[in-house]
Amino acid sequence: MSSKSKKKSKSGKSGSLQWAVGVAVVLVALLIGAQWWSNRQDAGTITQAAAYYGQFPTQGTRIGSPDAPVHVEEYFDFQCPHCHTAAEQVVKRLLDDYVAEGKVQFTYRFFPILGPESVQAARAAYCAMEMDAFWPYQELLMSKKGTGNRGTYSRDNLIDYARQMGLDVAQFRACLDNDRSLQYVRQAYDQGVRMGLLGTPTFVVNGQIVNLTTWEDIFRVIDRALAAAAR
């Protein structure tokens with residue numbers, strides 16, 4: 001090979017290397033930017049959730065006055081897409097229009113049926129509950145809309161979400177790894193099984209399972225329960 005050909009070969013290799021390095025730098029920058037934007041969105045979600053839920057009386061996974069005449073429960077799974085929709089179209093409206101007026105108390109019930117991350121997310125939410133942070137924490141988990149056990153609710157991510165919320169990470173991690181979180185979630189799941197639940201979300205009004213055709217059905221059932229309680 002001539003010296004001229006060798007120079008061209010070296011130049012070509014050098015150019016390819018520089019191009020590869022440039023692409024890698026861009027990818028790293030994009031990943032850092034995406035992570036920064038995600039963290040910024042999470043911070044906004046946490047701040048807004050803390051202010052929003054702070055206006056209601058809460059105890060564990062229940063929100064609203066314990067003296068409210070109607071009790072609405074939702075058996076849910078953090079990986080359930082319909083539960084994500086219900087959180088936005090049913091639960092928020094329920095809180096604004098009924099719970100805020102003392103008419104309804106609402107309780108989330110864990111019913112993790114969609115795989116290991118469903119169980120892990122429920123255990124993490126229980127740990128947040130122990131630290132008086134269930135409501136903003138569940139809001140953050142719901143906002144992630146994780147499905148399919150793809151890592152959204154991995155142990156590391158769940159701990160990182162707790163860190164973003166300012167929770168004691170060592171305490172949170174210890175709870176997450178403790179059997180009591182699993183036992184709590186298992187008890188809620190077993191209760192759902194005994195009730196004959198087939199999927200999520202399932203709403204229960206004053207102990208009666210509601211069969212939904214549309215989201216509006218739940219509000220019609222609640223209104224009837226309120227009318228009955230007023231007699």
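**Close-up views of a predicted model**

**Figure 1. Helices H5 and H6 make a right-handed crossing.** The model shown here and in the other views is predicted. The axes of H5 and H6, the latter spanning residues 169–176, come within 9 Å. They cross at roughly 145°. H5 brings Arg155, Leu158, Ile159, Ala162 and Arg163 to the contact. H6 answers with Val169, Phe172, Arg173 and Leu176. Six of these residues are nonpolar and three are charged. No polar residue takes part.

**Figure 2. Helix H2 packs against helix H8.** H2 covers residues 81–99, and H8 covers residues 216–230. Their axes lie 10 Å apart, at an angle of about 30°. Angles under 35 degrees count as roughly parallel, and H2 and H8 are therefore roughly parallel to each other. H2 passes H8 in a right-handed crossing. From H2, the contact uses Gln89, Val90, Arg93, Leu94 and Tyr98. From H8, it uses Glu216, Ile218, Phe219, Ile222, Asp223 and Leu226. Seven residues of this contact are nonpolar, one is polar and three are charged.

**Figure 3. The largest nonpolar core holds 61 residues.** Phe106, Phe110, Tyr137 and Phe172 have the most contacts inside this core. H2 gives the most to the core, with nine residues. Phe172 also belongs to the H6 side of the contact with H5.

**Figure 4. Phe106 and its contacts beyond four places in sequence.** Before Phe106 in the chain, the partners include Thr61, Arg62, Ile63, Val72, Glu73 and Glu74. Val91, Leu94 and Val99 are also in contact with Phe106. So are Trp135 and Phe203. Leu94 is, in addition, one of the H2 residues that touch H8.

**Figure 5. Helix H4 is largely enclosed by the rest of the structure.** H4 runs over residues 134–144. Nine of its 11 residues are buried. They are Phe134, Trp135, Pro136, Tyr137, Gln138, Glu139, Leu140, Leu141 and Met142. Trp135 is in contact with Phe106. Tyr137 is among the residues with the most contacts inside the largest nonpolar core.

**Figure 6. Lys145 takes a positive phi just after H4.** Most residues other than glycine have a negative phi. The phi of Lys145 is about 50°, although this residue is not a glycine. Lys145 sits in the loop between H4 and H5, the latter spanning residues 155–164. Its relative accessibility is 40%, so Lys145 counts as partly exposed.

**Figure 7. Asn206 has a positive phi in the loop between E5 and E6.** The value is near 50°, in a residue other than glycine. Strand E6 covers residues 208–210. Asn206 is partly exposed, with a relative accessible area of 40%.

**Figure 8. A cis peptide bond joins Thr200 to Pro201.** Omega of this bond is near -5°. Pro201 lies in the loop between helix H7 and strand E5. H7 spans residues 179–194, and E5 spans residues 202–205. Phe203, a contact of Phe106, is in the E5 range.

**Figure 9. The whole chain, for orientation, has eight helices and six strands.** Along the sequence they follow the pattern α-β-β-β-α-β-α-α-α-α-α-β-β-α. The chain has 231 residues, and 41% of them count as buried. Among contacts with a separation of 6 or more, 77% join residues 24 or more positions apart.

Key. Residues are numbered from 1 along each chain as its sequence is written. This is a predicted model: local features need pLDDT of at least 70, side-chain atom pairs count only at pLDDT 80 or more; totals for chains, interfaces and linings use all residues. Side-chain values use heavy atoms; hydrogens and water are left out. Axes are lines fitted to C-alpha atoms, for helices over the stretch in contact, and angles run from 0 to 180 degrees between N-to-C directions. Helices (H or I, at least four residues) and strands (E, at least two) are DSSP runs, numbered from the N terminus. Angles under 35 degrees count as roughly parallel, over 145 as roughly antiparallel, 65 to 115 as roughly perpendicular and the rest as oblique. A crossing is left-handed if the near helix is turned anticlockwise from the far one by less than a right angle, and right-handed if clockwise. Contact means heavy atoms within 4.5 Å. Ala, Val, Leu, Ile, Met, Phe, Trp, Tyr, Cys and Pro count as nonpolar, Asp, Glu, Lys and Arg as charged, and the others, Gly among them, as polar. A nonpolar core is a set of buried Ala, Val, Leu, Ile, Met, Phe, Trp, Tyr and Cys residues joined through side-chain atoms within 4.5 Å. Buried means under 20% relative accessible area, exposed over 50%, partly exposed in between (1.4 Å probe, protein chains only).
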